[in-house]
Amino acid sequence: MGVRNYLTSEEKQELQKQLKFHEHPDIRERILIRLLRNNGRTQQEIADLIGCSLRKVAYWSTHGDPSKLDSLILVPTYFVSASLGKGLLPFNDEAISRLRTQLS
């Protein structure tokens with residue numbers, strides 16, 4: 001079982017707002033990882049649900065300060081160079097629907 005309810009209500013609200021409106025899909029994915037961890041999902045469940053690597057989920061589950069959105073934006077260069085070659089795609093409608101169900 002994952003960690004549950006570690007975010008303050010203010011942090012959770014702000015992350016939910018940014019999940020809807022942030023223009024960068026990588027940032028939305030990192031926010032989503034944090035929110036799903038807060039809901040008690042395991043890292044493996046999250047990786048399977050959003051279709052990313054377990055390594056990425058593990059990294060973003062422990063890095064960055066949820067009260068400071070900038071900490072989810074500033075990424076070490078080794079992480080950026082590794083992800084740029086893979087061509088990240090935005091979530092499709094089916095994935096968004098599944099995620100809404102999980103977060104409600």
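Visitor: Which phi does G40 take just after α2?
Guide: G40 takes a positive phi of about 95°. Helices here are DSSP runs of H or I with at least four residues, strands are runs of E with at least two, and both are numbered from the N terminus. This is a predicted model, in which local features need pLDDT of at least 70 and side-chain atom pairs count only at pLDDT 80 or more, while totals for chains, interfaces and linings use all residues. Residues are numbered from 1 along each chain as its sequence is written, and side-chain values use heavy atoms, with hydrogens and water left out.

Visitor: Where else is there a glycine with a positive phi?
Guide: G51, just after α3, takes a positive phi of about 75°.

Visitor: Back to α2: what span should it have, and what does the model show?
Guide: Helix α2 covers residues 25-38, which is 14 residues, and at 1.5 Å a residue it should span 20 Å. The expected span is 1.5 Å times one less than the number of residues. The end C-alpha atoms of α2 are 20 Å apart, which agrees.

Visitor: Is α2 mostly covered or mostly open?
Guide: Helix α2 is mostly covered, with 13 of its 14 residues buried. Buried means under 20% relative accessible area, exposed means over 50%, and partly exposed lies in between, with a 1.4 Å probe and protein chains only.

Visitor: And α1, which residues are buried there?
Guide: In α1, the buried residues are E11, L15, Q18 and L19. Seen down the helix axis, they fall within an arc of 105°, so they line one face of α1. The arc is that of the directions from the helix axis to the C-beta atoms.

Visitor: Why do residues three or four places apart point the same way?
Guide: An α-helix has 3.6 residues a turn, so residues at that spacing point the same way.

Visitor: What is on the face of α1 turned away from the buried side?
Guide: That face carries the exposed residues S9, E10, Q13, K20 and F21.

Visitor: Which residues of α3 are buried?
Guide: I46, A47, L49 and I50 are buried in α3. They cover an arc of only 165° around the axis, which puts them on the same side of α3.

Visitor: Changing topic: how do α2 and α4 cross?
Guide: The axes of α2 and helix α4 (residues 54-62) come within 9 Å and cross at roughly 75°. Axes are lines fitted to C-alpha atoms, for helices over the stretch in contact, and angles run from 0 to 180 degrees between N-to-C directions. The two helices, α2 and α4, are therefore roughly perpendicular to each other. Angles under 35 degrees count as roughly parallel, over 145 as roughly antiparallel, 65 to 115 as roughly perpendicular and the rest as oblique.

Visitor: Which residues meet there?
Guide: From α2, E29, R30, I33, R34 and R37 meet K56, V57, W60, S61 and T62 in α4. Contact means heavy atoms within 4.5 Å.

Visitor: Is V57 buried or exposed, and what is it in contact with?
Guide: V57 is buried, with a relative accessible area of 0%. Leaving aside neighbours within four places in sequence, V57 is in contact with I33, Q43, I46, A47 and C52. V57 and I33 are 24 residues apart in sequence, and their C-alpha atoms are 6.5 Å apart.

Visitor: What about S61?
Guide: S61 also lies in helix α4 and is buried, with a relative accessible area of 13%. Beyond neighbours within four places in sequence, S61 is in contact with I33, R34, R37 and Q43.

Visitor: Where is G64, and what does it touch?
Guide: G64 is found in the loop between α4 and α5 (70-73) and is partly exposed, with a relative accessible area of 31%. Not counting residues up to four places away in sequence, G64 touches R34, S71 and L72.

Visitor: What is the overall make-up of the protein?
Guide: The protein has seven helices and zero strands. Buried residues make up 38% of its 104 residues. Of the contacts with a separation of 6 or more, 61% are between residues 24 or more positions apart.

Visitor: Which elements have the lowest and highest mean pLDDT?
Guide: Helix α6 (residues 77-84) has the lowest mean pLDDT, 43, and helix α3 (residues 43-50) the highest, 94. The term pLDDT is the predictor's confidence in each residue, from 0 to 100. Over residues 75-89 the pLDDT is below 50, and beyond near neighbours in sequence this stretch has eleven contacts in the model. The protein averages a pLDDT of 78, and 74% of the residues score at least 70.
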